[in-house]
Amino acid sequence: MLKEWTKTSWHDYPALQQPKWPDRQKYDQVLASLSTLPPLVFAGEIRELKKLLADAVAGRAFLLQGGDCSEEFAHCTAPNIRETLKVLLQMAVILTYAGGKPVVKVGRIAGQYAKPRSSDTEIVNGVEIPSYRGDMCNSAEPTPEARVPDPERMQKGYFLSAATLNLLRAFTRGGFAALHRVHAWNQEFVKQSPMGRSYERLANQISQALNFMEVIGISTDVPQLKQAHFFTSHEALFLGYEESLTREDSTTGGWYDCSAHMLWIGDRTRQLDGAHVEFLRGVLNPLGMKVGPQYETDDILSIIERLNPDNEPGRMTLITRFGAGKIDCCLPPLIRAVKRAGLNVLWCCDPMHANTFTAASGHKTRNFDDILSELRCFFELNWAEGTIPGGVHFELTGDNVTECIGGARQLADEQLSLNYLTTCDPRLNAEQSLEMAFQIAEMIRT
Ligand code: PEP
Ligand code: CO
């Protein structure tokens, strides 16, 4: 029998991937202060997202989740936020147009500041130093001092998440995301590329349709066209931080983790009897769970049942990340087991995390073709099993970075160093992201 859940019940379970905060007193102070600060998102918004994800489970909507692998404090600027939002809006338009169903837009943004690592330490220039665990813990700068976990970074992460959300809300509610502005989301440096031109053509069709509606007297001055729904998500990793933003909803009495609308549990921290599963089972947010090739079927079923005992559609998104070479053997047995158990889940593909390798130049990278190939298998395998491929999960940025090789421009190994900015995993750049969306559009075209 499980003991009763409280927002602190996870303290009795082993918590993997937590920073070793050297100053416990400061850590407690920061969390106490965070727990009195306003929530970042509201229960009503979280419920709305869950409803949209339930639509995706039923095939009436499609989830697009994406953003940085790891957000950086120094990159919390208006242009960065705007460019990431633009790319996601562009991809959403492409997918909506092709798939003929609403696209639920969820950013890896406004709080994606904590990273799990495969090793506690790394060797830099022959010296062993603590690993970088995200800006909410330490600095990516490779010195022993910079890598000391500092709890005040959680406080800073909270305020920067608030600033990011504030701008996202302004952009999505204040006209920037209005469909009338579909052309304006195309970035200058992308416009002249083949992808940019394909996008322009699509944007023209949408403008014409809007124009036509106006001409025949149908108002386009409606919130559906003038505003976008945009939600935030991050990996729920540092449980003290998540606990401090967990609040009881005064209207319904349920508990919500108000640090983001959707939270996911990483492939490294999804132990059935671990602290992360214990914490997340009690909050009512929609949850994602990453599943990598090392999974055990019964274990996954037990975790889903633990996290979603009422089998509520929209609560659980399984984000599979098997790699282009392994998805063929890893995904079908999982789909069959989940189906046999009658569990309602949203099937979502993260084609990034199991396709990472080190290039000859020493950069961590991913090949556009591997990403596309895993996605293609994901769609085909779901269709073959009679399940719904309901979403995709990307690491991407609106910047013109050179982090993933391949794509229409055939970015090569030797070019990775031109503009390699990520402190963690390699992201698709704006053009590669658009290209990916056009490729998915071909797969889902109705
Ligand atoms: C991530 O999404 O950045 C991540 C660490 O993923 P995973 O848990 O799938 O390795
Ligand atoms: Co990553």
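The legends below describe three close-up views of a predicted model. In this predicted model local features need pLDDT of at least 70 and side-chain atom pairs count only at pLDDT 80 or more, while totals for chains, interfaces and linings use all residues. Residues are numbered from 1 along each chain as its sequence is written, ligands are numbered from 1 in the order in which they are written, and side-chain values use heavy atoms, with hydrogens and water left out.

**View 1. The cobalt ion (ligand 2) and its protein donors.** C69 (SG), H353 (NE2), E395 (OE) and D425 (OD) lie 2.1 to 2.4 Å from the cobalt ion, donors being N, O and S atoms within 2.8 Å of the metal (3.2 Å for Na, K and Ca), and sites may look incomplete because water is not among the atoms. Along the chain, these donors follow the spacing C-x283-H-x41-E-x29-D. Both H353 and E395 are buried (under 20% relative accessible area, with a 1.4 Å probe and protein chains only).

**View 2. The surroundings of ligand 1.** The residues around ligand 1 (a heavy atom within 4 Å) include C69, H353 and E395, as well as K115, D267 and R321. An oxygen atom of ligand 1 lies 2.7 Å from an N or O atom in the side chain of K115, and a polar side-chain atom of R321 is 2.6 Å from an oxygen atom of this ligand.

**View 3. F212 in helix α6.** F212 belongs to helix α6, residues 194-215 (a DSSP run of H or I, at least four residues). F212 counts as exposed because its relative accessibility is 54%, and exposed means over 50%.

Notes:
Helices (H or I, at least four residues) and strands (E, at least two) are DSSP runs, numbered from the N terminus. A polar contact is a pair of N or O atoms within 3.5 Å; within protein, one must be able to donate a hydrogen and the other to accept it, and residues adjacent in sequence count only if both atoms are side-chain atoms.
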